[in-house]
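Grab a pencil and have the viewer open. Below are some short exercises, each with a worked solution.

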Amino acid sequence: MKWVDFLTGNDRNNVDEDIQKNYEQLDQKISNEEKKGYWDTLETNDDRTTLWNDLNVKSNLEHMTVAFTRLQEMAKSFRTKGSKFYQDQSLKEDIISSLDWMYDNVYNEKKSETGNWWHWEIGSPKQISLILLLLNDDIPKNLQDAFIRAIDRFVPDPTYRTNYPSLMETGANRVDKAYIVSLRGVVGKSDEKVKSGRDALSQIFQYVEDGDGFYKDGSFIQHNNIAYTGSYGRVLLDGLSNLLYLLHDTPWEVSDPNKQFVYEWLLKSYAPLFYDGAMMDMVRGRAISRQTQTDHLIGKEILVDMLRLANSAPEAQGLAVKQYVKSWILTDTTFANYLEGLEIEAIYLVKDLLEDETVRPKIFKGHYVFSGMDRVVHQQGDFAFGISMSSNRITNFETGNGENPYGWYTGYGMTYLYNKDLTQFSDDYWPTIDMLRLPGTTTDLTKPAGGSYVSSKNWVGGSNVNGQYGVAGMEFDIQSSSLGGKKSWFSFDDEIVALGSDISSTDNRLVETIVENRKILNNNTNELMINGTSQSKEFGKAENHENVQWAHLKGNQKGADIGYYFPKKTNLNSLRESRQGSWSDINRIFTVDSSIKTRNYVSLSIPHGKFPKQASYSYVLLPDLTSIETEQYSMKPDVEIIENSENLHAVREKSLGITAMNFWKQGETELVRSYQPASVIVKEEDKELIISLSDPTQKQEKVVIEVARKYASVIEKDDTITIIRKAPYLKLEVDVSGSLGKTHQVKFKYDGKQQGELLSFVDLQMTKDNEWYPGKSYPVTIIIENKGNKRIPGGELRFQLPKGWELKTEDIFIPSLHPGESFTQHYEINLPKDARFDTYTLEAAYHAGIISHSKSLQVEVKRSFMNLETVPSDLEGKIKEAEHYSREGNGTIRVVERPGTSNGHSIGYWDNLNHWIEWNIEVPKTGEYEFVLRYSTDHTNAKREVNIDNNEIYYLQFPRTNGWTNWMDVRINNLDNQPLRVYLEEGHHTLKMNNLSQAINLDYIKLIPR
């Protein structure tokens, strides 16, 4: 059987030395001289209470999955021809006896899910399916049927969560379930089940624009807002590569044309995140805390999956993948034997690649902006640089299940410099690094309360030019802290420029920017030089250095030196320390060794003091430069800092002819003027002028820029770019609507002499009150100022407003303005009563002769939340039990038994966003009614919108009741905190509630006549 051969290698001539070693390792797992193998320690007595004494399988779900995993290894040994336990009948009998016991006591169709759903629906059934496949006809039919029933109970359909039917499975979880259902179909000879598993993959193949899945820019998201290419993305790729291979040349072959996107992902989503065989930690979420899943170990697994898929990919894509994979395998020297630990099929894949002389290794290079997951990668061959950011779209980190509890700052601009020190981010890095002082971050050492944090900032992203070089930026705030600011990174050929501005805090805590925090040799021989002076190697001695222009840290091996240049002489703190920690401190599940680890570090930081206000910093990383080369660079740098302010970060790389700019708001340099927030790069080289641009906020409709250059002709441009003017300067309008942070690029023919001139700069300002609500009027102030040196003729101002919004005068004449003059006018905008809660764009466009300028203003229309007043539960009124609802949509609630409810039941699991519920309510008598709701919640931000008969919408925010069985009766009060009274006529009415955030249990709705 193809599926068994895939797992065992039985169809191959297995005389290879590495294959034999694989068999020996498998045999050692099963039984060994120390009598510590799975079979050696298996409990076989009739009165046993567990299968292994180190596992409590009846009460610990993790142990349940581990037990099935051990039985799967034993079944593989029984089925593998190269194993000494091949067809061992005693082993088979013990496996079957153990499966019988597990079915009777632990996992069967009569069980109900408790604890972590994953073990019931993925972890255990996946192993069971493999066991059934491996044993095949050697397992009694009644036992096989029993486990098939159990699988059908917990994984009946791969597209949804069994214990939460309204939740559609996505990403890795969906692929895992597709794999389980397909295997179950093969074992149970069910054509329908195999098709069900296969067809579930179609949703995976589609690109997404929000939530879980693959994005066109290469991003991969799981858990709604976590960058997870190297963890859940690994599981997904493994399942996909296996299923596509196993279904190939069968009646169930995947025919969905979108399958082609899988091969695109290999080069767009996975390849950029590798360096010399390591999968970058910044896309591995909480998996960085797993001792047995370090960057190179996981990288090896993913490379095998990529290689498996490359064999079936279109020729050009397949060859490119193989060339990169071959390069990474050959340069990954962290393994004594790269093949050790691989499955048999994987060993053959790698050996075939290495022996194929037609596939020549190729070094991966390029600059990649993953706007969908707030990550940036700069690959230059000799080094790679990763930036891990967060925003109002992507959370700063993930913790859960006892994993990665201290990862707060990993998404606050942590930078990863990869070079020939291949074990920098493995070799016990995560349990020993100071998690409050990660490289690249600006910190006040706050230990945030709670778990992950979604920032309030949306300017996070960047742009690239020709896919070679790029700029990234991040406006940040810190959970549980007032610290905030703006950060940029400019990635060129052999240097990385880091700028920071607007760094402010009102807290009484020291603030610093961590330039470096590098793991050094265990013998502490790495030399640190500052301004040419070698520093002390004494541990724990923090030193401050004034007027620092350059520094240098000797690497752990050749090709790992790092130079540091400070464009503006700065105060610099240095610290050499020996740090200790244990993997069990950061992960309670995937920890093999809980012993204390000790590693040495050197850190460099720029101090900002306490209560900083608009502080700034600038430094340049110089990978692989010696101390002499670093000093020489500091005397004649290739880079020039043009501006480092709260409005603009701009750098010019002179040797490359690149000017890169992050406009945090409208602004200009001598070369470029941007009328909106944007990330812009201009590259002038030979006879070409290239302009690249993105909208990192992912909120704007368009970005308009002017460039002080002229051109001869257009070589190529994206369709989103419109050339508005070519002289006396170049003016572009870029449609960035729905582009999700994508870079837009235009390339011109240009001789380098066609300099342009930016005309007088018109500053158009539009300001508003902070909070806007439906049905009210709000002032908007327009200020137009001539900041140039020439008179501007009279012009016209026009507004573009959302539908239904009103402005009495839409066209306004603006008088001519002499240099330095300004025009100010106040207008009033009326919002309709039915304006929905959302963020809207107001736009004012000014035209005066050939001068045109527009300004957009983001307006958030807020909900006015009613007051909820606690009232006694015995108020008389007409009760509508919540479980007696008439309709629902966008989700499925469950009626559950709850102590303390009016009749023993309530509705629960109401936590899907936009999940609405309707109730039919009979009003006994015409008049005014008040409304009381009885509910419970353990959340602090549960919100609902309520309307009656599709009339006025009321917004409610439910106070926490401190437990799901602690019930509270609340009356809806109006904004004046008086009881809300609604006039209702006798007869039938419909009350509708929609979930805006978080879960509540609802017991009843009570109408009180007044």
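Before we start on sheets: two strands count as paired if DSSP finds at least two bridges between them. Keep in mind that you're working with a predicted model.

**Exercise 1. Work out the strand order of the sheet that holds strands 8 to 11, and find its edges.**

Step 1: Line the strands up. The four of them make an open sheet, ordered 8-9-10-11, and the pairing is antiparallel.

Step 2: Look for strands with a single partner. Those are strand 8 (365-370) and strand 11 (414-418), so each has one side without a neighbour in the sheet.

Step 3: Check the twist, which averages 10° from one strand to the next.

Step 4: Zoom in on one pair. Strand 8 and strand 9 (residues 375-380) run antiparallel over 6 bridges, and Phe370 has Arg375 in strand 9 as its bridge partner.

**Exercise 2. Do the same for the sheet that contains strand 46 and strand 52.**

Step 1: Here 5 strands form an open antiparallel sheet, and the order reads 46-49-55-51-52.

Step 2: Strand 46 (887-889) and strand 52 (953-958) sit at the edges; each has a single partner strand, so one side of each lacks a neighbour in the sheet.

Step 3: For this sheet the twist averages 25° between one strand and the next.

Step 4: Take strand 51 (residues 942-948) and strand 55 (residues 987-997), an antiparallel pair with 6 bridges. Val946 finds its bridge partner in strand 55, namely Met993.

**Exercise 3. Which residues have the most contacts inside the largest nonpolar core?**

Step 1: Recall the general trend: in soluble globular proteins, nonpolar side chains tend to be buried together.

Step 2: The largest core counts 185 residues, and the best-connected ones are Phe68, Leu99, Met102, Leu236, Trp265, Met306 and Trp430. The top contributor is helix 5 (residues 117-135), with 10 residues.

Step 3: Pick Trp265 and list its touches, skipping residues up to four places away in sequence: Ile204, Phe205, Tyr207, Phe214, Leu236, Leu240 and Tyr270.

Step 4: Don't miss the other core, which lies apart from this one and has 32 residues, including Met866 and Ile907.

**Exercise 4. Is Gln222 buried or exposed?**

Step 1: Place Gln222 first: it belongs to strand 4 (residues 220-222).

Step 2: Apply the cut-off, under 20% relative accessible area for buried. Gln222 comes in at 1%, so it counts as buried.

Step 3: See what surrounds Gln222. Beyond four places in sequence, its contacts are Thr170, Gly171, Ala172, Asn173, Asp212, Tyr228 and Tyr232.

**Exercise 5. Track down some unusual backbone angles.**

Step 1: Know the baseline: most residues other than glycine have a negative phi, and most peptide bonds are trans.

Step 2: His223 has phi near 60° and sits in the loop between strand 4 and strand 5 (226-227). His223 is partly exposed, at 31%.

Step 3: Asn914 has a positive phi too, about 65°, and lies in the loop between strand 48 (905-910) and strand 49 (916-923).

Step 4: For a cis bond, go to Ala727-Pro728, where omega is near 5°. Pro728 is in the loop between strand 33 (721-725) and strand 34 (730-735).

**Exercise 6. How many cavities of 30 Å³ or more does the structure hold?**

Step 1: The count is 15.

Step 2: The largest cavity has a volume of about 130 Å³. Among its 19 lining residues, Met282, Gly285, Arg375, Phe397 and Thr410 lie nearest its centre.

Conventions:
Residues numbered from 1 in each chain as written. Predicted model: local features only at pLDDT ≥ 70, side-chain atom pairs only at ≥ 80, totals over all residues. Heavy atoms only, no water. Core = buried A, V, L, I, M, F, W, Y, C linked by side-chain atoms within 4.5 Å. Buried < 20%, exposed > 50% of the residue type's maximum accessible area, 1.4 Å probe, protein only. Helix = DSSP H or I, 4+ residues; strand = E, 2+ residues; numbered from the N terminus. Contact = heavy atoms within 4.5 Å. Axes fitted to C-alpha atoms, helices over the stretch in contact; angles between N-to-C directions. 1 Å grid on protein atoms, 1.4 Å probe; cavity = no way out; pocket = protein on both sides within 12 Å on 5 of 7 lines; lining within 4 Å. Points joined across faces, edges and corners; volume = space filled by probe spheres on them.
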